[in-house]
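Notebook open, viewer open. I'm jotting things down as I look them up.

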Amino acid sequence: MVKKRAIRIITEILDLKDVKVLSQRLHNEIGIIFQTESIKSYSVCPNCGTKSEKLHQNHRHIVSQLAVSVSVPPN
Ligand SMILES: [Zn+2]
């Protein structure tokens with residue numbers, strides 16, 4: 001499936017630790033919005049180190065610049 005493959009490639013290009021892209025959509029004059037989720041089934045609190053498997057919050061992050069480099073092999 002082309003869409004599934006595209007999503008996998010976007011996940012590889014973004015290369016965010018333990019994050020996979022679920023969907024992407026281009027919005028005029030805003031940019032590309034990705035829906036993502038953690039690959040891990042748990043998270044560790046950055047303050048106290050407690051491990052949790054429950055979802056406490058959903059966050060929206062604005063990433064204005066990504067250092068992305070794509071090389072295309074010659075045919
Ligand atoms: Zn904590």
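How many helices and strands are there in the protein? I find one helix and four strands. Note to self: this is a predicted model.

**Order of elements**

I read the elements off from the N terminus and get α-β-β-β-β. The helix, H1, covers 2–14. Strand S1 takes residues 19–27 and S2 takes residues 31–38. Further along I have S3 at 43–44 and S4 at 51–52.

**Burial and contacts overall**

What share of the residues counts as buried? The answer is 0% of the 75 residues. I needed the cut-off here: a residue is buried if 20 or more other C-beta atoms lie within 10 Å of its own. Next I looked at contacts between residues at least 6 apart in sequence, and 8% of them join residues at least 24 apart.

**S1 and S2**

How do S1 and S2 run relative to each other, parallel or antiparallel? They run antiparallel, and eight bridges join them. I looked up two bridge partners. Gln-24 goes with Phe-34 in S2, and His-27 goes with Gly-31, also in S2.

Then I checked burial strand by strand. None of the nine residues of S1 is buried, so S1 lies largely in the open. S2 has eight residues and again zero buried, so I log S2 as lying largely in the open too.

**The hairpin and its phi**

The hairpin of S1 and S2 has three residues between the strands. Glu-29 is in that loop between S1 and S2. I pulled its backbone angle: Glu-29 has a positive phi of about 65°, although it is not a glycine. I flagged that, because most residues other than glycine have a negative phi.

Is Glu-29 buried or exposed? I count 4 other C-beta atoms within 10 Å of Glu-29, so I put it down as exposed.

Asp-18 went on the list as well. Phi of Asp-18 is near 60°, which is positive in a residue other than glycine. Where is Asp-18 found? It is in the loop between H1 and S1. Asp-18 has 9 other C-beta atoms within 10 Å, so it is exposed.

**Ile-10 on the helix**

I wanted to know what the helix touches, so I picked Ile-10, which sits in H1. Which residues is Ile-10 in contact with, leaving aside its neighbours within four places in sequence? I get Val-21 and Gln-24. Gln-24 is the residue I already had as the bridge partner of Phe-34.

I also took a distance: Ile-10 and Leu-22 are twelve residues apart in sequence and 9.7 Å apart in space, C-alpha to C-alpha. For burial, Ile-10 has 16 C-beta neighbours inside 10 Å, so it counts as partly exposed. The reasoning is that 16 falls between the exposed limit of 12 or fewer and the buried limit of 20 or more.

**Lys-40 and Leu-55**

Lys-40 is found in the loop between S2 and S3. With 11 other C-beta atoms within 10 Å, Lys-40 is exposed. How far apart in space are Lys-40 and Lys-20, C-alpha to C-alpha? I get 10.0 Å, for a sequence separation of 20 residues.

Last lookup: Leu-55, in the segment after S4. Leu-55 counts as exposed, with 9 C-beta neighbours inside 10 Å. Leu-55 and Ser-43 are twelve residues apart in sequence, and I have them at 8.9 Å in space, C-alpha to C-alpha.

Definitions and conventions
Residues are numbered from 1 along each chain as its sequence is written. This is a predicted model: local features need pLDDT of at least 70, side-chain atom pairs count only at pLDDT 80 or more; totals for chains, interfaces and linings use all residues. Helices (H or I, at least four residues) and strands (E, at least two) are DSSP runs, numbered from the N terminus. Two residues are in contact if their C-beta atoms, placed from the backbone, lie within 7 Å. Two strands pair if DSSP finds at least two bridges between them.
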